[in-house]
Amino acid sequence: MSRARPRWRAIGRFLAVQLAIVLLAIAPMLVSVAAGQLGAALGCTVNEAGPHPCPLWGMDIGNTLSTAGVFGWLTLATLPAGAILWLAHILYTLVRLVRTYRQRSGP
């Protein structure tokens, strides 16, 4: 029964790292989509052509929305990097599992 807790803790840690890698990879796209949705909710145009006037609480946030909308292009770099990190973490975990199994079953 004492082995069950560390095993579940290791599984939780593995899943947390995997989730962090995926969120890191798609974060720029989430920012871009959020900017587009906020612009649509305010009735503003958000695109790569440049900032358009977009008032929110008496301030113009068009420039910020435009910058956040263009931020989605960073996904071209973060998705491949995230995929490599994701696979590397899985391979690292598999190697550690095999080493642990061999040590426990030992000669």
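This briefing describes selected features of the structure shown above, grouped by topic. The structure is a predicted model, in which local features need pLDDT of at least 70 and side-chain atom pairs count only at pLDDT 80 or more, while totals for chains, interfaces and linings use all residues. Residues are numbered from 1 along each chain as its sequence is written, and side-chain values use heavy atoms, with hydrogens and water left out. The topics are the disulfide, two surface patches, one residue with a positive phi, and two distances across the model.

**The disulfide**

- A search of the whole structure finds 1 disulfide (a pair of cysteine sulfur atoms within 2.5 Å).
- In general terms, a disulfide is a covalent bond between the sulfur atoms of two cysteines.
- Here the bond joins C44 to C54, with an S to S distance of 2.0 Å.
- The pair links distant parts of the chain, 10 residues apart: C44 and C54 are each in the loop between α1 and β1 (55-56).
- The torsion about the S-S bond of C44 and C54 is about 80 degrees, and the disulfide is therefore right-handed.
- C44 has a relative accessibility of 14% and counts as buried; C54, at 1%, also counts as buried.
- For these labels, buried means under 20% relative accessible area, exposed means over 50%, and partly exposed lies in between (1.4 Å probe, protein chains only).

**The positive surface patch**

- R5, R9, R13 and R96 form a positive surface patch.
- Patches are made of residues with over 30% relative accessible area and no salt bridge; like charges are joined within 9 Å, and nonpolar side chains (Val, Leu, Ile, Met, Phe, Trp, Tyr) within 5 Å.
- A salt bridge is a side-chain nitrogen of Lys or Arg within 4 Å of a carboxyl oxygen of Asp or Glu.
- Helix α1 (residues 4-42) supplies the largest share of the positive patch, namely 3 residues.
- Helices (H or I, at least four residues) and strands (E, at least two) are DSSP runs, numbered from the N terminus.
- R9 lies in helix α1, and this residue is exposed because its relative accessible area is 55%.

**The nonpolar surface patch**

- L19, V22, L23, I26, L30, L79, W86 and L87 make a nonpolar surface patch of about 700 Å².
- The elements that give two or more residues to the nonpolar patch are α1 and α3 (75-105).
- The most is given by α1, with 5 residues.
- L79 is placed in helix α3 and counts as partly exposed, at 42% relative accessibility.

**A residue with positive phi**

- Most residues other than glycine have a negative phi.
- W57 has a positive phi of about 55 degrees although it is not a glycine.
- The place of W57 is in the loop between β1 and β2 (59-60).
- W57 is exposed, with a relative accessible area of 78%.

**Distances across the model**

- Y92 lies in helix α3 and counts as partly exposed because its relative accessibility is 47%.
- From C-alpha to C-alpha, Y92 and P53 are 49 Å apart in space, and they are 39 residues apart in sequence.
- T45 is found in the loop between α1 and β1, where this residue counts as partly exposed, at 46% relative accessibility.
- The C-alpha atoms of T45 and Y92 are separated by 45 Å, and the two residues are 47 residues apart along the chain.

Notes: Accessible areas come from the Shrake-Rupley method with a 1.4 Å probe; for residues, only the protein chains shown count as cover. Lys and Arg count as positive and Asp and Glu as negative; His and the chain ends are not counted. The place of a charge is taken as NZ of Lys, CZ of Arg, CG of Asp or CD of Glu.
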